[in-house]
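Colleague: Got a minute to go through this one with me? I'd like to know what lies behind the labels you put on it.

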Amino acid sequence: MAPRSSFLRARPVVSAKSRVVGVRSRRTKLAIDAKRIVLLGPPGVGKGTQAALLSKVLGIPVISTGNLLRKEVADGTELGKKAGYYMNKGDMAPDDLVEKIVLRQLKEKKKFILDGFPRNTRQAKKLGKTTPIDAVVELQAPYDELERRVGGRWLCSDKKCATIHNAELDEKAISKGACKKCGGELSQREDDKKIAERLVTYENETKPLTKFYQNIDRIHKLIPATGSPNKVFLRIIMALQKKQAR
Ligand SMILES: [Zn+2]
């Protein structure tokens, strides 16, 4: 029973009031040494939410490709100027440029939760040459469920309201095209409309990373991402702790 008690002691709790995840006591120490973590998972799986929770509990910053690009642009470096040119037009910066920026900035970081990189095996190889990785957390959910979840998401256009509607729960409001709370117009994000396409890209380009990381001793953790965000989070914490117990 001993291994279980160590997990219970360090069990993260969610305060209903603030909805902020914290650890039960300041003295509680999570037995997690992983400081350089890669988060993988298909669009709509809840990576952003889990990255934020992990960051809060472990005290490790989330590094997303977007953050790194914006920093480089703000710093006015040569690479930043190039990236800014695309971003100002509303385009994606080319892959090789993104890679250069991400890898250069990661080299100097001792702890991070990486979200949105690597996207393919080539990038993963380059990442491995740049910095050691302690853990790869891959969130997994059935694609059809993700497609339903994201493709069925309708947003109130009223900025203050911004209520998210769900195709299955809010069928009526969606067929009327009006927000159930304020009557505001409902629309879908361009990104969400393309969910099927994005999932195919993920399957073809990013999913091979599962094998890639499974071949590296013990760093890969496959986490079922169904159920509430808190449940998923506990699974991640448990998986990261197990590594330390060995
Ligand atoms: Zn509304």
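Modeller: Sure. Start with burial: a residue is buried if 20 or more other C-beta atoms lie within 10 Å of its own. Keep in mind that this is a predicted model.

Colleague: Why is β3 called largely enclosed by the rest of the structure?

Modeller: Take that cut-off to the strand, residues 36–40. Five of the five residues of β3 are buried, so the strand counts as largely enclosed. Arg36, Val38 and Leu40 point one way, Ile37 and Leu39 the other way, and all are buried. Across the whole protein, buried residues make up 27% of the 246 residues.

Colleague: And which way do the residues of β5 point?

Modeller: Phe112 and Leu114 go one way from β5 (residues 112–115), Ile113 and Asp115 the other way, and all are buried.

Colleague: How do you know that β3 and β5 pair?

Modeller: Pairing takes at least two bridges found by DSSP. β3 and β5 have four bridges and run in the parallel sense, so by that rule they pair. Ile37 is opposite Ile113 in β5.

Colleague: What does β3 pair with besides β5, say β6?

Modeller: Four bridges join β3 to β6 (residues 135–140), and the two run parallel. Ile37 turns up again here, opposite Ala135 in β6.

Colleague: How many bridges are there between β4 and β5?

Modeller: Three, in the parallel sense, with β4 spanning residues 62–64. Ser64 has Asp115 as its bridge partner in β5.

Colleague: What about the sheet containing β7, and what makes a strand in it an edge strand?

Modeller: That one is an open sheet of three strands in the order β8-β7-β9, with antiparallel pairing. The edge strands are β8 (164–166) and β9 (186–187), as each pairs on one side only.

Colleague: How do you know that β7 and β9 pair, given how many bridges they have?

Modeller: The threshold is at least two bridges. Two bridges join β7 (residues 153–156) to β9, running antiparallel, so the pair qualifies under that rule. Cys156 has Leu186 as its bridge partner in β9.

Colleague: On to helices. Why are α5 and α6 called roughly parallel?

Modeller: The label needs an angle under 35 degrees. The axes of α5 (residues 95–107) and α6 (residues 121–130) cross at roughly 25 degrees and come within 10 Å. The two helices are therefore roughly parallel to each other. Their crossing is right-handed.

Colleague: Which residues make that contact?

Modeller: Glu99, Leu103, Leu106 and Lys107 come from α5, and Gln123, Lys126, Leu127 and Thr130 from α6. By class, that gives three nonpolar, two polar and three charged residues.

Colleague: At what angle do α7 and α10 pack?

Modeller: About 145 degrees, with the axes of α7 (residues 143–151) and α10 (residues 195–206) 9 Å apart. α7 passes α10 in a right-handed crossing. Tyr143, Leu146, Glu147, Val150 and Gly151 of α7 make the contact with Ile195, Ala196 and Leu199 of α10.

Colleague: What makes one residue of that contact polar and one charged?

Modeller: Glu counts as charged and Gly as polar. Glu147 and Gly151 are both in the contact, and the split is six nonpolar, one polar and one charged.

Colleague: Now the backbone. Most residues other than glycine have a negative phi, and most peptide bonds are trans. Where is there a cis bond?

Modeller: From Phe117 to Pro118, with omega near -5 degrees. Pro118 sits in the loop between β5 and α6.

Colleague: And what is the phi of Ala162?

Modeller: Near 45 degrees, a positive value in a residue other than glycine. Ala162 lies in the loop between β7 and β8.

Colleague: Why is Ala162 called partly exposed?

Modeller: Exposed means 12 or fewer other C-beta atoms within 10 Å, and buried means 20 or more. Ala162 has 13, so the label is partly exposed.

How values were computed: Residues numbered from 1 in each chain as written. Predicted model: local features only at pLDDT ≥ 70, side-chain atom pairs only at ≥ 80, totals over all residues. Axes fitted to C-alpha atoms, helices over the stretch in contact; angles between N-to-C directions. Left-handed = near helix turned anticlockwise from the far one by under 90°. Contact = placed C-beta atoms within 7 Å. Parallel < 35°, antiparallel > 145°, perpendicular 65-115°, else oblique.
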